[in-house]
Amino acid sequence: MNVLGVLKIRVRRGINLAIRDSFCSDPYVVITMGGQKSKTRVIKENCNPVWNEELSLALYDPNLPITLTVYDKDTFTADDKMGNANIDIKPYLDAINMGLEGLPDGVKVDRVQPNRENCLSDESCILWENGKMTQKMLLRLQNVECGEIEIQIELISAHGKRGCLYI
């Protein structure tokens, strides 16, 4: 199977994450796609953690689901789930395939509205900045009482260009 590119996911921060221990949680994020898994470091005793970590996954099939799951690190028992969200990259890939290289910095290529099909908690903008296409997302965690995760995605094409995909 040919790799289409590398999907870089910058996990910026968590907002109002659920409390799983006495007063707080020790959260970390795991992102999975098609058997691949990547995770952030654990942030101790913080329900509003700032990771600002970049995770990378090889993109073989743009239709594979990408799942972000937040866990609470426990020492003596299994780690507790603190919610999950699906990352929908289809609007981002559609924007890349428009072939818009050379735009001025800061151009909003598209806006994605929250709906029942995605886990967005706010409008998400696809931007052309610094010669590359990126998308910032604020994801509402599901299967939990509260919490959001802020991420940014960028594709490095296997064809050697940032933000250019031929599928």
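## Exercises on a predicted model

The lining of the largest cavity splits into seven nonpolar residues, three polar and one charged. Keep in mind that this is a predicted model.

**Exercise 1.** Work out which residues line the largest cavity and which element gives the most to that lining.

*Solution.* Start with the search: across the whole structure, one cavity of 30 Å³ or more turns up. Its volume comes to about 50 Å³. Next, the lining: Asn86, Ile87, Asp88, Pro91, Val112, Asn118, Cys119, Leu120, Gln135, Met137 and Leu139. Now sort these by element: β6 (80–87) and β9 (132–140) are the ones that give two or more residues. Of the elements, β9 gives the most, with three residues.

**Exercise 2.** Find out how many disulfides the structure has, and say why cysteine 146 isn't bonded to its closest cysteine.

*Solution.* Search everything and you get zero disulfides. Take cysteine 119: the nearest cysteine sulfur belongs to cysteine 146, and it's 15 Å away. Cysteine 119 counts as buried because its relative accessibility is 7%, under the 20% cut-off. Now cysteine 146: its sulfur sits 7.8 Å from the closest cysteine sulfur, that of cysteine 47, so the two are too far apart for a bond; the cut-off is 2.5 Å. Cysteine 146 is partly exposed, at 24% relative accessible area.

**Exercise 3.** Describe how strands β2 and β3 are joined and what sits in the turn between them.

*Solution.* First, direction: β2 (residues 27–33) and β3 (residues 36–39) run antiparallel, joined by four bridges. Then pick a facing pair: isoleucine 31 is opposite serine 38 in β3. Finally, the turn: two residues separate the strands of this hairpin, and glycine 34 there has a positive phi of about 50 degrees.

Notes: Residues numbered from 1 in each chain as written. Predicted model: local features only at pLDDT ≥ 70, side-chain atom pairs only at ≥ 80, totals over all residues. Heavy atoms only, no water. Pairing = 2+ DSSP bridges. Buried < 20%, exposed > 50% of the residue type's maximum accessible area, 1.4 Å probe, protein only. 1 Å grid on protein atoms, 1.4 Å probe; cavity = no way out; pocket = protein on both sides within 12 Å on 5 of 7 lines; lining within 4 Å. Points joined across faces, edges and corners; volume = space filled by probe spheres on them. Nonpolar A, V, L, I, M, F, W, Y, C, P; charged D, E, K, R; others polar.
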